[in-house]
Each structure stands twice: as structure tokens, then as C-alpha cells.
Number of protein chains: 2
Amino acid sequence: MKKIAFSLLLSLFLLNSGWSQEENVAAIFSNALNSEIAYENLGILCEIAEGRISGSPAAAAAVEFTRQIMENMDVDSVYLQEVMVPNWKRGEPEAARIISRFSGNTDLNVIALGLSVGTGPSGLSAGVIEVQSLQELERLGYENVEGKIVFFNRPFDQTHYNTFAGYSGAVDQRVHGPARAADLGAVAAVVRSVTTACHDYPHTGVTRFREDDENIPAFAVSPVGADILSRNLLIDPELRLYLMNTSYRLPDVLSYNVIGEIRGRVYPEQIITVGGHLDSWDNSQGAHDDGAGCMQSIDVLRIFNELEIRPKRTIRAVMFMDEEIMQRGGRKYALDAFEKNERHYFAIESDRGAFTPGGFSIDASDERVKAIQTLLPYFTPYGIHEIAEGYSGVDIQFLKDYFDMALAGLVTDTQRYFDLHHAATDTFDKVNRREMQLGTAAMTSLIYLIDHLDLLDP
Amino acid sequence: MKKIAFSLLLSLFLLNSGWSQEENVAAIFSNALNSEIAYENLGILCEIAEGRISGSPAAAAAVEFTRQIMENMDVDSVYLQEVMVPNWKRGEPEAARIISRFSGNTDLNVIALGLSVGTGPSGLSAGVIEVQSLQELERLGYENVEGKIVFFNRPFDQTHYNTFAGYSGAVDQRVHGPARAADLGAVAAVVRSVTTACHDYPHTGVTRFREDDENIPAFAVSPVGADILSRNLLIDPELRLYLMNTSYRLPDVLSYNVIGEIRGRVYPEQIITVGGHLDSWDNSQGAHDDGAGCMQSIDVLRIFNELEIRPKRTIRAVMFMDEEIMQRGGRKYALDAFEKNERHYFAIESDRGAFTPGGFSIDASDERVKAIQTLLPYFTPYGIHEIAEGYSGVDIQFLKDYFDMALAGLVTDTQRYFDLHHAATDTFDKVNRREMQLGTAAMTSLIYLIDHLDLLDP
């Protein structure tokens, strides 16, 4: 009896409770596909906060813009969460030039990797040793590497259907290559851009040094530039490469995660997080990576409101700061949640580009993965064919350190992502409104179903 | 015994017969994803044969270019199939202007529909009556329509996941609207572009008149222009619209289907057709529609050759001429096949844009549909999740009039197609190499499996 009374009470809060779950999912997709607002806001973000690397004025503009968007919506609260972020500056535009007795001088398009130190304004020049892997570098040893520029040139393997497999197979060169080269006495490192594109744009990304080691300048070279350098080395192994960048790192500065929330009507203390990251690389508009994920997350709140689907649990849209360099926003969000003794029920992140969604990747116990997999039939009419165990997202993953909960990542079509990832080509015109909105609808529907069905209760 | 001997003989022809079917499919996808040639050739086609509407010099250039591509490949024969095509000319760039006492003059972006007659160089002007459907037009009747310009303004319904459903729901206005308006005494017709995009480009397409009726000039207006016109009509129902186009139709001219084939080693008399259409609208590069389908079809032959998979049956890549206006190429191909007493085993067409493939649509007997559906497990690792009964393709459909066979269409992600379909926005830069190559691999694999397994034998 008590249970029935409670259900009746509950139904007062669920204005659409007369609809079936299928009907609500259909309404969510229809609303998303007919809405322009998130797409238009992404266009504005890309224009007014281009190159919003953490610590930059553009990042501050992005914080303020997304805060204002949510302030102007009918949500229960909007607030900023303080987070100290790294403050790495690229400096002047980089330069790279092959100097060869045979082929003369050839300029290459390069870009400093994130956290790279500078060469100083006069640059450096040295001989080049090309390797295909970190293992090959190790085998060469100190005697062959000292004083040289190490050129990591293993290309992205295009064979994989899922381009993230190709990316994973090549990105160790960028993340760990420069530090290993430094260990062996190299004076600088140049890494072939980790991309599916065959163009002359370099793709940046973070490179990791151990805090106490000496750093060396580290660059990405465009794929076309990498091919030119490699061919020149075949003709003239003694060529020299001139490199210049003036990157430097300043002390950490204050920035923010931006959070908006709709309070749950039944279990307001239980939190469902949906997020993307607000920072981007400084060389791009960060349209797909990850302005789109932020605008999708805000749009999840809008759809709940417009359809008057009242969630049982509190839904938070979170724009995480500093995913690209130190993930300070994600770490801070999780730590704060733990310290405030919050209860976290579910979290989902969109950070694989605003392409047509094909599934969800679930990081949770087998039992919870199976529970979420029972929802697949709701999604197949919308082209979503796979709910599988897997990685969720860089920002929300830190919640796992503190909470026994389910995390998810929106899985999108991967074919185009690494054409533009971390490059100047990641611009608003590459985003298709419908593809982006399908992702929003998929996340909204998943949150609605998990919440409405109490799917993850112990 | 005889059967075993025959199988041994057969295996001599199948150089990769030591590989499993799964391995051959993997090899096909790997080859396609690592190849640049079809994509590069599409770029050249878009450059040297832009606007290749049937009957145009650009269409002749496209015929010669694709003939040469195949001549330079290791295929058994390349030939042209004569076909008489319509020769409709757009004339001068169109003009449209709202003339209103209240809002002054406002220019609109319009384009004549295919087969439209001209207004003459001085144009015409008349009052405008806006309708949302052919039914609404009928209800208005002669007395309300005579002497007017009919403006069909029902928008593309964005609600559907599959944009072809939205397209089908609106395109009757373009195909049949002008003729119905003419029947009711209208002096011209303007149709809202049938597109998912919200931009200022008009999207053309064919409009149909009965041969013996009097035609009227018929235009598509950009979606932005349609909204402007509709708002102006609210303010000033008495406004006049000026329209000008100088389109005309010349006698039919000789053109060609371009055909290349690899002869089957076991059943050379049985034909498998893979095709796209070579003509495009005159206002675009025809990159997705359907230069890509042509280049994919040629690439199917390249992959069979490079992997040394010897087909049992003859495989023909066919570039059909004149899909957009009268489908003369498809009709001629089917009729010729019938008259030459050919045997046609299977045909597949790619004409839904070179986007990530998600399935195949099969037009065949239930039994054959079921047989092809058994192949689905080969494709799911490559994101292809649906083999369903449905429409094949405009050009190959005529084979059904003469042959008891299976037809298929490559089904691709539909989200972006109607942003660019029949508009100036259908350009090469909108094509992603990997998405295109996945389509090629999907068609190659389907043909390989159907042929290798004798899947469709009675």
C-alpha cells in the first residue's frame, strides 16, 4: 500500500508519466532533431572563445559564456567550481627548416606539443635521427642519440575500422617519445602528427616529462612535413634541422568548472553527471573537441525542461576545465564530490566528437553493464547498435576513485575525428547539426531511462 | 567425384582460397582504408567535370575521365554504351525579387528546377499564394490560383532519424507541385528547397510535367529565402514576386554509360553490376551525388585485382548517365542486357552519399533477402548492422523489369546528405576519405561473398 501511494505521488512529478518510455525517447529525439539552439551556441563559443587552452583569456570567456547560457535557462542552480589549472603558453609561431647540402632549405609546418619547453628565440639546429618506435630509440642508445633531434615517424595505422585503435597505436610517440629522447641525450624531438588526414596541418597534444628531468623542446610536424623530412633523410642523412619555439610555463592560475543542475524530485541527493570539457587546444576552435560535448550537456538539461520530464535524481551538466593538459577539472570535481559526501549515481561524457552516435561504452561492474545493455532496444531505431563495456571519458573517470557507480561514454562514428583532432581544422563548419543533436538525444534518453527505471540501484 | 574435381579446378582460380571468408573481408576493408586513389580521382572529377548535367560538355569530360581511369587498370574490358539523353539548359543565372509596398524590394536566392521552361529574359511578376501541400492547392481551386505564382512551403520534417523519410515527405511539392499549379492556371511555381540545412543555397531537382501540357517556370528557393518570402506574405499578402530564368530544352543528344569489367573465371556469362551515376546537377561538383558512387564502383574492381580475388562471375562497374533527369542510362543498360540475352545475377548501387555505411537495402524475393541477411556477421565488425528489404537504386532498378535477380543499395549514414543534395554545397571537401572507402569495402565484400558462396543460386 505504501508503495502504491508513493508511486501515485511520484506520478504527480512525472508530467509525461502517461507516456511509455518508448514515447518519451521518441519525444527526446524529435525535440533534439528539431532544435537549433545548442548548435548555434557552439558556433558562438567557437567564435568568441577560439583557442581556449586552460589558463587563457579565451578559456575565461568560455566559462562566462556557458555560465550565462545556463543562467538564462530554467535550471535550479548554476555555479562555478574553482580549479587551479596549468598555464602553458605557446609563445611565437614555431619554425622548422630542413637544411641540406643536396636539397637546400625546406620549411616544415610544426607546432610545439603541450608542455614543451622552448628552444629560445634563436632556435637550435642539429642532425636528425628517424625512428619508428620507442623501442627502436632504446636500441639506438645514448651514443647514437646524443646531440641529435629525434624524429618519431610511425604513421597512424588506417587499417582499423575504429580510428581510436589507430590513434592508440601511434600516440605513445607523442606522449612519451620526447621524454625518452631527452633521457638519451637528444636536444629536441619531432613527432609525426597523429592523424588520419594527409594534409599540411600539424596536430598538437600533450607530451609528458617527469617533473625533475630536464625537458627538451618537442614538436608535432604535419603528416606532409613528416613525409618530406623522411624523404630528405634518405637522400641526405647528414642534413640538419632548424627548430624554433618560445613556449614557456607560468605558475598555475585559477579557473573553473561550470556547472548547472536540475534538482531531482525524488532523490535530489543522488547525482547524475553529464559533461564535456570546456578547454581546447590553443590552435583550434575546439568545435568537435570538445565545445560540442559541452553544448550537448547543456542541451540535455534543456530537453528535460522542455519535455517536462522531471528527473527523480539531480542532473548536472558539467563543463570540465583543463582536460587537454592536466585534467585538473575532472580531478577537482571528483575530489569535491567526495569531500562533500555527495552520492553519485551515474555519469556520462561526450568527448569523441559530435558525430553520429553508434553506442555507449560503459565502465561499471558486470551487473550494471548488463542492466544498461537491457536498454538497447530503445536505441536501435535511432542507429545505436552497441552498448559495450569500455572506457567512459577522461574527465568523469576520476569519480571512480571515490564512488561505486556506473560511468559511460557516448560512442560516435570515428571516421572523421582524427582528421581534425588537436589541429586548426577542428572548426565549427565541420560540425553537422543533426549528428550533434543525435548525440544529445542519445545521452538524454540514456539518463532518462536509467533514472526513470532506477536501473542502477543496488 | 566430378564435383570434387571441379572444386579443385575452381581453387586454382581463387588465389586467396586458402584464406577464410572472414580473412578476405578483413583484407578488403584493410586495402580500402589504406588506399587514396579513388578519393584522389573523385577530387579530379569534381574539378574537371563540375556541373556535369546530362548533355553537357562536363558530362562528356566525365565519361572520358572515367573511361581513362579504367583503361589504365588491369581490367578485361572497358567500353561505352550509347544512350540518348535529355539536353536541358539552365540559361542565365536566375533572379527573384519580392516587390512589396511595405518592405520594399528583397532579392531571393532561387534556382530553376530541372526541365523547367523559362520566363524569358524579361521575367514575369505576379501575386503569390503560399500553400503547404498539393492538397491545399487543390482545395484552393482555379479561381484562387489563376494568374498567381504558387509557393509551396512545407518544410523538411527533421524529426525522422532517417533523413530520406523527411525528404520523401516534402519532395512531392518539387516533383509534382509545378504541374498541378499549371493545371490550376498558375503562371509560375516556387518550391521551398527540400533540405535539412538552414542556409541560403537553393537545392534543385527535377520537376515533372506531362508531355502535352503547358509548362510553367518552376524554381526552388533557398530555405532562408522561403522563410523571408513567407514572412513578407504575412505582412503584405498583396506583394508581387518577380521571377526570371531563361531555361530551355534542346533535342536529345548522344551520351554514354561507361563500363569496365573483370570477366568471371567460372561463370563469365553471369553478370554482377556495381554502379553509381556519372551525371550531376549543373550547380554543383556532384561529389557525394554521385561522383563518389562512381569512384567507389571503379575501386571495387581495383580491390578485386589487388587482392587477387578472382571472381567466379563477371563484375561490371557501371557509371550510369542521366540519373538526375530521365534515367536514360539505367533504362538503356537494362534494355541492352535483355536484348543481348545476358544473365544478371546481382546488382548494387551507391547513390546515397559517401558517408559511413550502416547496411544494405535489398530488393529481391524473400528467399534471397534471407540468404543475403545470413552474411550480416561478416559486416558487424565494420559498423554495418542492418541488411533489410528495401529500395536498391534508381539506375539499377530497371534490371528488375527484365531479370529475376537480387538488387541492393548501399545504405549510408543519412544525417548530412540533404544538407548538400542538389545544391552548390555538394563539393569534394565534404567527402571524407575513410567514410567513402568503407562504402567501397562494404560493396566489395558483399559482392565477393555473394559470388564466392554462390549465395543467390536458385
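This is a brief walk through a predicted model with chains A and B.

Let me start with chain A alone. It holds 15 helices and 16 strands. How many residues does chain A have, and what share of them is buried? There are 458, and buried residues make up 55% of them.

Now the overall dimensions. The C-alpha trace of chain A spans about 90 × 40 × 35 Å along its principal axes. The radius of gyration is 24 Å. For 458 residues, a compact globule would come out near 23 Å, so the value for chain A agrees.

Next, contacts within the chain. Take the pairs in chain A that are at least 6 residues apart in sequence. Of those contacts, 82% join residues at least 24 apart.

On to the pair. How do the two chains relate? A turn of 180 degrees, with a shift of 0.0 Å along the axis, lays chain A on chain B. The RMSD is 0.0 Å. The two copies are therefore related as by a two-fold rotation axis. Both copies use the same surface: 100% of the contact residues of chain A recur in chain B. Which residue of chain A comes closest to the rotation axis? That is His385(A), with its C-alpha at 3.6 Å.

Last, the interface. In it, 22 residues of chain A touch 22 residues of chain B. Two helices of chain A, H2 (21-33) and H15 (433-452), each supply at least two residues to that side. What is the chemical mix on the chain A side? Six residues are nonpolar, 11 are polar and five are charged.

Technical notes
Residues numbered from 1 in each chain as written. Chains lettered and ligands numbered in written order. Predicted model: local features only at pLDDT ≥ 70, side-chain atom pairs only at ≥ 80, totals over all residues. Helix = DSSP H or I, 4+ residues; strand = E, 2+ residues; numbered from the N terminus. Rg over C-alpha atoms; globule rule 2.2 N^0.38 Å. Buried ≥ 20, exposed ≤ 12 C-beta atoms within 10 Å, placed from the backbone. Contact = placed C-beta atoms within 7 Å. Least-squares fit on C-alpha atoms with pLDDT ≥ 70 in both. Nonpolar A, V, L, I, M, F, W, Y, C, P; charged D, E, K, R; others polar.
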